[in-house]
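User: I am new to this structure and would be grateful for a close look at a single part of it, namely the largest cavity. Please describe what surrounds that space and place it within the chain as a whole.

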Amino acid sequence: MISKVTRGADVGNLLRYLYGPGKRNEHTDPHIVAGYRHPTALEPAVRADGKRDLRPLAEAPRSPLETMRRSRPAEPVWQCSLRTAPTDRALTDEEWADVAEELMHQTGIAPREDPEACRWIAVRHADDHTHVVATLAREDGRRPNITRDYLKARKACQVVEQRYGLCRTAPADRTAAPRPSRAELERAQRAGFEEPPRVALRRHVAAVAAASDSEEAFFAGLRERGLAVRLRFSVRTPGEVTGYAVAVPEYTNSSGEPIFFSGGKLAADLTLPKLRHRWTDGAAYRRTARPRRWTPGSSVDNAERAAAYREAARVAGTAAWQMRVLRDPGVRADIAAAASDVLHVTADITGNRELAKAADFYDRAAREPFGRLPPVTRYGSALRAVARTLAVTNVGWGDRREQKRDLAVDLLFLIANLVDLIESAAEHRLAQQRVAQADAARLAARRLDAVRRRELHPATPVSPRVVETLEEGRATARLAAESFPVPLGDGLRSGAAPASHPSQRSSYRRGAPRR
């Protein structure tokens, strides 16, 4: 069961919508199944013209607002839409009434056995969905505590899922990234974007954050990609940067101004304080690590790039073993988070769309619930170090097919070990009983494995050096050499077609994925 919480100012307009035909005539037989009084006492009467008389029903929830001890809220109407899965059975009116009562109890709007609770009703439209409406004013003149009401609504849904054997859904643990709204989807479609800018920006920011080791490098990397960057400054300490927002310059509002998204609106782990935690806490491990062989802008040949790929594959394979052997939950959490950095950078430097989708799926498995920060450890820092090295060594990589062919096997070896690492992260999340995160990791691993196994040029022979190198590794790497002996398709093929939309050309500069 899923829920969606909204707020409004006029209960009358909402009731007219609930008892009307709906936007697409989807409202069939609307009727009250539960409320602060018996449903038969609340159901609006039918007038002589056949329409419902909604005035008494609208006035009843408004009356507690007049006796509030404090000023009334600007949006006193609370509404929650509840819907079952298409595979679920149809609930009876009595069961929907129990669902609505559980929702009111869990959110604290109308706890059970509380005679002074808020007034509310539940209107059923069809077999699979019901709307619960409440006025945020208690009978005793106080306001209800609705802090984090969307999380409480999610908990109520999980309770009734177990109670009635419904399709189980993920908890609202803030591990999933914010989804584009319907308005964003429609605006992006009208503007000719292949995907909503929020999704592309999240991918850009994650890749740049993984490739950076400081705040200055991070903001410089975003601007190099043609993104607009806006900094937020402290009101107490002038000059202190407390946050940031990014935008695709071509994605504008009705006034022609770019639409900015803050780091927190992209993902819970992309806020500036959390990125600073990653960079500053990992500095001690960087000082003890081996010095980096390359710096941005330096000349890097193909042999050095191949060495960077092999080193990344070695570290990823070691991290997969550590995830299965080490029992420290903090270490495992840091390795799982750092694996996302390697995957995002790998997708970014190759420009492969399937790798980018795999990185998007894995993001949820990499995050800790409710935005908590995992401790930075030397195990996770080793993965982050190879991610930065991969990003640096591929700056200025040309489109010569010979270079890409030489790097193909080393890249496949890295992908094979990333599959192993992500599968171990899935096992870790499943052991923690975080089913949604485990599913996200498994889906990412399947995407990666499909890329690894894709046979683009089966006639291309595999050199003896390649076979010898892969025989020294894992069995998955040997399978990769047999089924995928040449470079990845999207973005690694020479002569790739340019982006069709101006925003794609401007936002994919210098190392960004090619479409």
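Analyst: A cavity, as the word is used here, is a set of grid points where a 1.4 Å probe fits but cannot get out. The model under discussion is predicted. A search of the whole structure finds seven cavities of 30 Å³ or more. The largest cavity holds about 340 Å³ of space. Its lining is made up of 23 residues, and those closest to its centre are D269, R278, A337, A366 and P374. Three elements give two or more residues to this lining: α10 (272–281), α13 (329–350) and α14 (353–366). Of the elements, α13 gives the most, with five residues. Sorted by class, the lining comprises eleven charged, eight nonpolar and four polar residues.

Helix α13 deserves further attention. D341 lies in this helix. Because its relative accessibility is 5%, below the 20% limit, D341 counts as buried. Setting aside residues up to four places away in sequence, D341 touches A210, R278, R384 and A387. One of these partners, R278, is also among the residues closest to the centre of the largest cavity.

A second residue, R429, can be followed in the same way. R429 has its place in helix α16, which covers residues 401–431. With a relative accessibility of 1%, R429 is likewise under the 20% limit and therefore counts as buried. When neighbours within four places in sequence are left aside, R429 is in contact with A336, A365, A366, R367, E368, R434, Q437 and A438. Of these, A366 has already been named among the residues closest to the cavity centre. The C-alpha atoms of R429 and R332 are separated by 9.8 Å, although their positions lie 97 residues apart along the chain.

The loop that follows α14 contains F370, placed between that helix and α15 (378–393). F370 is not a glycine, yet its phi is positive, near 55°. Its relative accessibility is 39%, and because this value falls between 20% and 50%, F370 counts as partly exposed. Another residue with a positive phi is E113, at about 60°, and E113 is not a glycine either. E113 lies in the loop between α4 (93–107) and β4 (118–124). Its relative accessible area of 81% is over the 50% limit, so E113 is exposed.

Two cysteines may be set beside these residues. C118 has 3% relative accessibility and therefore counts as buried, whereas C167, at 35%, counts as partly exposed. A disulfide is a covalent bond between the sulfur atoms of two cysteines. A search of the whole structure finds zero disulfides.

The setting of the cavity is the protein chain as a whole. The chain has 20 helices and eight strands. Buried residues make up 52% of its 515 residues. Among contacts between residues at least 6 apart in sequence, 72% join residues at least 24 apart. The chain exposes about 24,600 Å², and carbon and sulfur atoms supply 51% of that area.

Conventions: Residues are numbered from 1 along each chain as its sequence is written. This is a predicted model: local features need pLDDT of at least 70, side-chain atom pairs count only at pLDDT 80 or more; totals for chains, interfaces and linings use all residues. Side-chain values use heavy atoms; hydrogens and water are left out. A disulfide is a pair of cysteine sulfur atoms within 2.5 Å. Buried means under 20% relative accessible area, exposed over 50%, partly exposed in between (1.4 Å probe, protein chains only). Helices (H or I, at least four residues) and strands (E, at least two) are DSSP runs, numbered from the N terminus. Contact means heavy atoms within 4.5 Å. Accessible areas come from the Shrake-Rupley method with a 1.4 Å probe; for residues, only the protein chains shown count as cover. On a 1 Å grid over the protein atoms alone, a cavity is a set of points where a 1.4 Å probe fits but cannot get out, and a pocket is an open set with protein on both sides within 12 Å along at least five of seven lines; lining residues have an atom within 4 Å of a point. Grid points are joined across faces, edges and corners, and a volume is the space filled by probe spheres set on the points. Ala, Val, Leu, Ile, Met, Phe, Trp, Tyr, Cys and Pro count as nonpolar, Asp, Glu, Lys and Arg as charged, and the others, Gly among them, as polar.
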